[in-house]
Amino acid sequence: LLRRSSLGAGDAVTWCLLARSRRAAGDGAGAVEAYQRALELGESDPERLLHAATLYFEYPQEQRGALDAALAERWIASALELAPTSKAGHFLRGVLYEDSENLDAAGASYRRALELDPKATKVLRRIAEFYRRRGDRELALAAGARYVDVVRRSGEDVEAAERWLAGLARD
């Protein structure tokens, strides 16, 4: 991959593979640089765009290179333009908005992700915690109860989900 890219490889897939390789090696800034090159070359796979954006949350600022919230948002927005019904895209956008304290937009993004997949346990749990942090106990408990119900129906670890809900209720 490195040889191919140093020879001027002009395809987005090569640069995405290089980004993944750099990411796996712990080189966040190098991964961001490779993803940026892939996007310049027309990367248009929504899943790869979202994977690139997750670097924003995975690495501390000093290890992300040029990746800031605005760039992560552009990558998420591009993914959502290509796949407007991407639950993962709306969820990730919610996390990004919440991180930047744009709470109304975060809530809207989480709700959209939940509309797209009402049984998404990760989204249900996150939205319950989001409402708890906002001080809306009633909405937090309602989302938490839905989370436990979905976990129960899926056969996952119900006891852990119930303990989590009990903790949410105590907070």
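**Exercise 1. Determine which residues Asp171 touches, not counting residues up to four places away in sequence, and describe its setting.**

Solution. Asp171 touches Arg132 and Arg137 once residues up to four places away in sequence are set aside, where contact means heavy atoms within 4.5 Å. As to its place in the chain, Asp171 lies in the segment after α11 (158-170), helices being DSSP runs of H or I with at least four residues, and strands runs of E with at least two, numbered from the N terminus. Asp171 is exposed, with a relative accessible area of 60%; exposed means over 50%, buried under 20%, and partly exposed in between, with a 1.4 Å probe and protein chains only. Its C-alpha atom is separated by 27 Å from that of His90, and the two residues are 81 apart along the chain.

The model is predicted, so that local features need pLDDT of at least 70 and side-chain atom pairs count only at pLDDT 80 or more, whereas totals for chains, interfaces and linings use all residues. Residues are numbered from 1 along each chain as its sequence is written, and side-chain values use heavy atoms, with hydrogens and water left out.

**Exercise 2. Describe the secondary structure and the overall dimensions of the protein chain.**

Solution. Begin with the elements: the protein chain has 11 helices and zero strands. Turn next to the extent of the chain, whose C-alpha atoms fill a box of roughly 60 × 35 × 30 Å along the principal axes. Then consider burial, for which 43% of the 171 residues are buried. Finally, among contacts between residues at least 6 apart in sequence, 49% join residues at least 24 apart.

**Exercise 3. Identify the residues that touch the most other members of the largest nonpolar core, and the helices that supply it.**

Solution. A nonpolar core is a set of buried Ala, Val, Leu, Ile, Met, Phe, Trp, Tyr and Cys residues joined through side-chain atoms within 4.5 Å. In the largest one, which holds 26 residues, Tyr35, Leu55, Leu67, Trp75 and Ile76 touch the most other members. At least two residues of this core come from each of α2 (12-24), α3 (28-40), α4 (46-53), α5 (55-58), α6 (69-82) and α7 (87-99), and α6 gives the most, with six residues. A second, separate core of 25 residues includes Leu114, Phe130, Ala140 and Leu165.

**Exercise 4. Establish which residues of α4 are buried, and how they are arranged about its axis.**

Solution. The buried residues in α4 are Leu49, Leu50, Ala52 and Ala53. Seen down the axis of α4, these buried residues fall within an arc of 155°, taken from the directions from the helix axis to the C-beta atoms, so they line one face of the helix. Their cover includes α2, α3, α5, α6 and α7.

**Exercise 5. Characterise Glu101 and Asp104.**

Solution. Glu101 lies in the loop between α7 and α8, and has a positive phi of about 65° although it is not a glycine. Most residues other than glycine have a negative phi. Glu101 is exposed, with a relative accessible area of 68%. Asp104, found in helix α8 (residues 103-116), is likewise exposed, at 58% relative accessible area. Leaving aside neighbours within four places in sequence, Asp104 is in contact with Arg111 and Arg134, and its C-alpha atom is separated by 9.4 Å from that of Gly94, 10 residues apart along the chain.
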